[in-house]
Amino acid sequence: MFHQIEGLYVDNNVSFSDLKGVMEYFSKEYFGQDVKVRFRPSYFPFTEPSAEMDIYWGLNSESDYRITKGTGWLEILGCGMVDPEVFKNVKYDPSLTGYAFGIGIERIAMLKYGITDIRLLYEGDIRFLRQF
Amino acid sequence: MKISRNWLSNFITSSKSDFELVDAFTQLGLECTSSKINSIDSKVIVGKVKSCTKHPNADRLNLCEVDTGSDLLQIVCGAPNVKENILVPVATLGSKIGDFEIKKTKIRGIESNGMICSEKELGISDNHEGIMVLDGTFKIGQTFSEALKLEQDTIFDFDITPNRGDCFSHLGVSRELAIIEGSHINLEKINYKAGEFKSEDAIKIKIENPSLCPRYSCRLIKNVKVKESPQWLKDRLNAIGQKSINNVVDIANYIMFDLGQPLHAFDYDKLNGKTISIRNAFENEEILCLNNENNKLDPEDIVISDSNGPVAIAGVIGGFDSQVDFNTKNILLESAVFDEISVRRTSKKYDYAKEASKRFERGVDFENTLYVLDKFTKLLVETTGGQASKDFVDVISKSKDTKSIQFDFNRCNKFLGIDLNQNEYDKLFKKLSINTKFDKSKFLCSIPSYRNDIEREVDLYEEIARVYGYNNIPIAQNFNNSYSSIIDNAKQINNDIRSILPSKGFYEHYSNSLYNDKVLKDFNSYETSEIINESSIDMKYMRNSLMPGLLAAVSFNEKRKVNHFKFFEIGRVHSLLKNYNKEEETLGTVWYGHNDNHWRNECKTDIYFAKGEILSILKNLKINNIHFKVNKSNFSNINIDIYSHKTCIGYLRQLDTKLSKKYDIKAPVVFSEISIDKILKNRIKDFKFKSISPYPSVKRDISILIKKDISYSKIIECIKSASDNLLIDTNIFDVYSGKELENNSKSLAISLTFMSDVKTLVDKDVENRVNSILDQLKEKFNIIQR
C-alpha cells in the first residue's frame, strides 16, 4: 500500500520550464532551500516528454550508497508534459498544453523524517505516532 | 540489461570514467549503474602451501604455511580441499576482496596473515566449494590477475524504459554514447568468402498474414561443426551474465546482444518439405518446445511451420524437433520482424519472458535483418568452418516507409521554454542521426528505422529536450497564471476532523482498505465488493468497516505494553447495494485501556466517557441536533446509535468478549463509526454567534424517584417539552438506586437553569416552570417527588 499525490495543470502556453519551476519550488519548500535537484528523461505512457526528478542525497554513509545506488542522487517524483493523446481522448482543444506529476507521499515523508521502514506508517505504533 | 564497456568499444570509445558515463547515460534517459569485473587486487598473488596441519583449537580449520616467494605466511584456512604442495591464490595483507580488506587477525587464538581464496571470493565464478587450486603453469610469487590473463571490464546495468527497444543492444547503447561524445559509431564492414550454392534453391518462405510478419530473412549455412565456443566468445557472454551452450547458439546470442536482432537457428536437415510458412497457429495445434514442454497453441500465436507442423513459436521459443545439436551439419538461420503485440501476448501466455521476445515486443529494426545475418554468417564461418550460401532469402510482406515528421521549432521552443535558433536545432538533429530538410520555417525530419518509438512531433520535442539536456532547460521563476484553491465541504470537514481529534489526544491511523472474508461480518451485515484480481487472499474484499484495521493497531500496541490511547481513522467503507458499490466516507474512533498508573486518580475509559467525547467532537464540527439511542445490536451487547435530527449517523459500542478474543485484545475497548457523508448534510454552514443575556441565571434542583427502565434522555425530553425557552440547561448530578428504594426505582437529582434575555427572573417565574415540569413528569412517568 502507498499513497500518491497527483497534480495536473492545463492552460495556454504551459511549458516544460514551468513544470521544472513548480517541481523545484516544491522541493525547496519541502526539503529545504539548499536542496539540489536534477531532471532526467524517463517514460510514462501519458506524458511526453516524461521526466523523473532526483534530489541530491549525498554519499555520506553506507545506507546512502545503497539507496542511491552509488550515485548520490535519489528519485523523488515522476512528471512530464501531458501527452496530446490524452487531450484528444477528453476532447480538449489541441492547442492547450499542460503538465502532470505524481509524488509518493510515503516516500517523501520517509526521506524527510529519516523513516527506514514503510511499515511503521501503517502499524499504528503509538511510540512512533507520538513523535509527530 | 547488461552492457560491457569493452564490447561497446567495437563501435565507439570514450575517454570518460565509468562514473561519468553512468551520469551521462542517466541524464540522457538511460538509467544505469556500473560495476567492475575481473578486477582482482594486485596484492592477490600465487602461493604454495608448504605445510598443512590441524588447527589446535578447531576441528574444521587448518593451519597452513604458504610460500609466496618473498615470505612464508601463516594462514588459517577452513576450506576442505586445502593440502600440502598445492598452488593457490593468496590474498595478502592489505588486499581488498570485494568490500572487505584483508587484515592480520587471530582465529581461535592463532594468528592468520592472509586468506587463501575461492573462485567466488575472487569474483571469477560462483564456485565456493573450496579454495581455487592452480595448475603447474602458475609460478610462486606471480601477481594472480596477471597470471590469469583476465580481461578487466566494466559492466553497465541498464534499466531501459519500455519505449526504447532500440537500446537493447551494444549497438543501441553505442548510438547513445555517440550522442554523449558528439561523434559517430563505426559499423564493421563484413567480409568473408561465400559458397556457390543458393539458399533460394533450398528453402521457400511463405508469409500467410503480412501483418504478423512484415519481413522474414534467412540463409542456409552448410557443413558447420557444432562444438564448444571459443574462449573469447564465452568470455563476452559470461561478462554480461549469459551461459555458453554451443558455438552456433552462442553466436546467435552474441549477435542479439551486439545488434539487437534476435536470431533463430534451425537444423536444416530436420525441416520437412523445405518450405517454411509463417502463419497463425491452428486451433489445438501442439508443439514440443526447446525447454521440453509441450504447448497447446491457439490462433492468436504466430508459428513458423514446415510441412509437418510448427517448428517454432515466432519470436518466443524454438521447437525441440528442429533444434541445433552436436550432430547438426546444415543450419537455416532466421532473422525476422514479427508483430510486436502478438509476440507480447504469446510470451506472456506461455510465460517465456526471454531475451528474444523482450526485443520483438519492443520492436526491432526493420532495415537491419540482412546486416545481422551477414555478421552472424561471418562469425559462424570463422569459428565453425561452415560455408554460407551465395544469397539471402529475404521476403518483405509489408514494407516500411521512412517516417517523415514535420517539426515546428518555434512551437518546440515554446513547449519546452527554451530559445534555440534553426542552426542549433540542426545540430541537435544531427546528433540524433535524424536527417532534416528545412522548408517554410519547419523542419521535415526523417526518422531512423530503428526508432520505432518516434511517431509524432511531440516525440521529437522529447528527443530535443533530452539531447539538449533536461537540466539545461531553464527553471521558470514566476508563475503568472491565475488559479484558485478549491476545497469542497467534503474535504473541509476532513481537515476539521484532523485538527479537532488530535487536540483531544487521538492519533490518526491508516489501515489497508482491503480485507479478507473472516472479518466482514464483525461490525455490520452489509455485503461488499470482491476484488477480481486480488494479490492475496487477505486482500480479497473492499472493507465495509474501519474497525478491523483500527483494532489490529490496538492489538499491536497492547502487545507492546502501551496501556492507554485513542485512535481515529478517516476512510471509505463499501457496501454492495443491488450490484452498485456504495462508498461512504467514514470516521472511525477507538478508545483503549485505562490510564490507571497516575498519582492523582484513575481515568476510566468506558462507553459514557466515549459518548461525551463523541458529543463534543460533533459539536465542534457544528453538527446539529445530536442525540443517542440505546439500541439492541447483533454486533455488541452494548450499542448506542448516534443520531443527528432523524438520521442515524453512526454507532458507539463496547467491544464484547467474542470480538476481543478474535482481535486478540485483553483490555476494554470502546469504538465508534460515524458516516461523514451523513453528518455533512446536517452541518451548520454559516455559524453565527448568539448574543449573551445581560441578566443573571437562576438554578433549581429537583429530586425524583422514577422507574429504572426510563432513560435519562426521555426524562430530559419531557422536562424540555414542559418548559419554554427560559430553561437553558439541565444537568443530572446524582443517581442512586439502593435497598431502601423500591426494587425497580432509582433516584435522580437534576439541576435546572433558567435565564431570560429580557429581564431578571423573579422567584415566581421559576416556581411556575418547575411546578409544571414536575406535573408533567408525574403525569408521564408517575414519578415521586422527593
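1. In this predicted model, G29(B) adopts a positive phi of about 105 degrees immediately after helix α2(B). The helix that precedes G29(B) has a buried side made up of L21(B), V22(B), F25(B) and T26(B). Viewed down the axis of α2(B), these buried residues fall within an arc of 130 degrees, and they therefore line one face of the helix. An α-helix has 3.6 residues a turn, so residues three or four places apart point the same way. The face of α2(B) turned away from the buried side bears F19(B) and E20(B), which are exposed.

2. The surroundings of α2(B) involve both chains. Its buried residues pack against β2 (37–44) of chain A, and also against β2 (31–37), β12 (153–159) and α4 (170–181) of chain B.

3. The contact between the chains draws 40 residues from chain B and 34 residues from chain A. On the side of chain B that touches chain A, at least two residues each come from α2 (18–27), α11 (409–416), α13 (457–468), α15 (547–559) and β31 (564–577) of chain B. Of the contributions to this side, that of α13(B) is the greatest, at 6 residues. Classified by residue type, the side of chain B that touches chain A comprises 21 nonpolar, 14 polar and 5 charged residues.

4. Two of the helices named above also pack on a sheet of chain B, which merits separate description. Three strands make up this open sheet, in the order β25-β27-β26 (chain B), with antiparallel pairing. β25 (404–408) and β26 (435–439) of chain B occupy the edges with a single partner strand each, so one side of each has no neighbour in the sheet. On average, and ignoring direction, neighbouring strands of the sheet are turned by 25 degrees against each other. The antiparallel pair of β25(B) and β27 (residues 442–446) of chain B is joined by 5 bridges, and within β27(B) the residue opposite Q406(B) is L444(B).

5. Helix α11(B) packs on this sheet by touching β25 and β27 of chain B, and its direction makes about 65 degrees with that of β25(B). Helix α13(B) likewise lies across β25 and β27 of chain B, running at about 70 degrees to β25(B).

6. Strand β14 (residues 215–222) of chain B has 7 of its 8 residues buried, and is therefore largely enclosed by the rest of the structure. Its pairing with β22 (residues 331–337) of chain B is antiparallel and has 7 bridges; there S217(B) has S335(B) as its bridge partner. With β24 (residues 393–396) of chain B, β14(B) forms 4 bridges, again in the antiparallel sense, and Y216(B) faces V395(B) across that pairing. A further antiparallel pairing, of 2 bridges, links β14(B) to β23 (residues 387–388) of chain B, where I221(B) is partnered by A388(B).

7. Strand β16 (residues 275–280) of chain B takes part in pairings of both senses. With β13 (residues 204–207) of chain B it runs parallel over 4 bridges, and K206(B) is bridged to S277(B) of β16(B). With β19 (residues 302–306) of chain B, β16(B) runs antiparallel, and 4 bridges join the two strands; in this pairing I278(B) is matched with I304(B) of β19(B).

Terms used
Residues are numbered from 1 along each chain as its sequence is written. Chains are lettered from A and ligands numbered from 1 in the order in which they are written. This is a predicted model: local features need pLDDT of at least 70, side-chain atom pairs count only at pLDDT 80 or more; totals for chains, interfaces and linings use all residues. A residue is buried if 20 or more other C-beta atoms lie within 10 Å of its own, exposed if 12 or fewer, and partly exposed in between; C-beta atoms are placed from the backbone. Two strands pair if DSSP finds at least two bridges between them. Two residues are in contact if their C-beta atoms, placed from the backbone, lie within 7 Å. Ala, Val, Leu, Ile, Met, Phe, Trp, Tyr, Cys and Pro count as nonpolar, Asp, Glu, Lys and Arg as charged, and the others, Gly among them, as polar. Axes are lines fitted to C-alpha atoms, for helices over the stretch in contact, and angles run from 0 to 180 degrees between N-to-C directions. The arc is that of the directions from the helix axis to the C-beta atoms.
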